[in-house]
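Visitor: Please choose a single part of this model and examine it closely. I should like to learn how its side chains are placed and what they meet.

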Amino acid sequence: MAEQTARDAKLVQFLTEAYTTEKQLETALEAHIAMTTRPVIKKRQQEHLRETKRHAREVERRIKKLGGQSGTLNEIATEATKAAATLVGKAVAAAQGPVHAVRGTGEAEIQLKNARTEYQSEAEEIAHYTIIETLATAVGDRETAQLAKSIRREEERMAKFLERQIPVLTKAVATESIPAKERTTRRRSSSRRSSASSRSSGSRSSGSSRSGGSRSSGSSRSGSARSSKSSRSGSSRSSGSSRSGGSRSSGSSRSGSRASGSRSRRSG
């Protein structure tokens, strides 16, 4: 067998990390399906379990084609399965043991925590396949890039499904864990505070409008009075100027007439 190139070795490294995550998710999904009571979620988990197993097989084939070792992959798969089984076992024990009874963890909360764990796993897988696709494209391995792209899209679809379910499950936890009296009291109290705040804001706005209107009206009346006075004063000055101008003109005319008569008598 030809010696593995640096390019292929790096691709195998990242593909192996993705493969490990796929094997861990297989075990987790199998356990979650057994605990799920909601038909919509259970059906989607079963579909994604089939996808996850297919992803692991496809990634394993690609690793081998790039020079990865079958023995190593088998060891990885075994260790990943054990690690996932241990985590799932602890979660189940916590949900069924005395702590569960004390905390009152109900069915809805178990479903919510499982959905949160799966959502985290999907985010990790999306990151794995984004890295693999980008690296494979950069080094010219179109086959690996295409595989990573197709798997990433399926992981993204599952992540979107879980993203829609988490708020639904959270509301179910509120209904299951918190007495209705406490939930409705809090809503009414919040509503009253909001209503009081709106009335207070409306009163301040109304007072401000009236005050502004009064000031505006007073300013208008004052301005009108000043304008009227100014008009009368200007008119009086204009009239006085006209009379003064007329008197001076009349005086000048009479003086000119007398001078003309005197000159006529001297001439005769």
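Guide: What follows is a close look at helix α2 and its surroundings. The model is predicted, and local features need a pLDDT of at least 70, side-chain atom pairs count only at pLDDT 80 or more, and totals for chains, interfaces and linings use all residues. Residues are numbered from 1 along each chain as its sequence is written, and side-chain values use heavy atoms, with hydrogens and water left out.

Helix α2 covers residues 39-65; a helix here is a DSSP run of H or I with at least four residues, numbered from the N terminus. Let us begin with its charged side chains. A salt bridge (a side-chain nitrogen of Lys or Arg within 4 Å of a carboxyl oxygen of Asp or Glu) links E47 and R44, with 3.6 Å from N to O. These two residues of α2 are 3 residues apart, which places them about one helical turn from each other. An α-helix has 3.6 residues a turn, so residues three or four places apart point the same way. The two partners differ in their surroundings: R44 is buried at 13% relative accessible area, whereas E47 is partly exposed at 29%. Buried means under 20% relative accessible area, exposed over 50%, and partly exposed in between, for a 1.4 Å probe and protein chains only.

A further salt bridge leads out of α2. R54 pairs with E154, and their closest N and O atoms are 2.9 Å apart. Because R54 belongs to α2 and E154 to helix α6 (residues 142-177), this pair ties together parts that are 100 residues apart in sequence. R54 is partly exposed, at 28% relative accessibility, while E154 is buried, at 13%.

The model contains 13 salt bridges, and one from another helix offers a useful parallel. In helix α5 (residues 107-138), K113 and E109 stand 4 residues apart, about one turn of the helix. Their closest N and O atoms are 3.5 Å apart in a salt bridge, and K113 is partly exposed at 33% relative accessibility. Elsewhere, R62, K65, D141 and E143 form one network through salt bridges that share partners.

We may now turn to the nonpolar side chains. A nonpolar core is a set of buried Ala, Val, Leu, Ile, Met, Phe, Trp, Tyr and Cys residues joined through side-chain atoms within 4.5 Å. The largest such core has 18 residues, and those that touch the most other members are L15, Y19, V59, I63, Y129 and I132. Helix α2 is among the elements that give two or more residues to this core, together with α1, α3 (70-96), α5 and α6. The greatest contribution comes from α1, with 5 residues.

V59 shows what such a core member meets. Apart from neighbours within four places in sequence, V59 is in contact (heavy atoms within 4.5 Å) with L15, Y19, Y129, L147 and I151. There is also a second, separate core of 10 residues, including L112, M158, F161 and L169.

Finally, I63 also meets a residue of helix α1 (residues 6-35), namely T16. Leaving aside neighbours within four places in sequence, T16 is in contact with I63 and I76. T16 is buried, with 16% relative accessible area.
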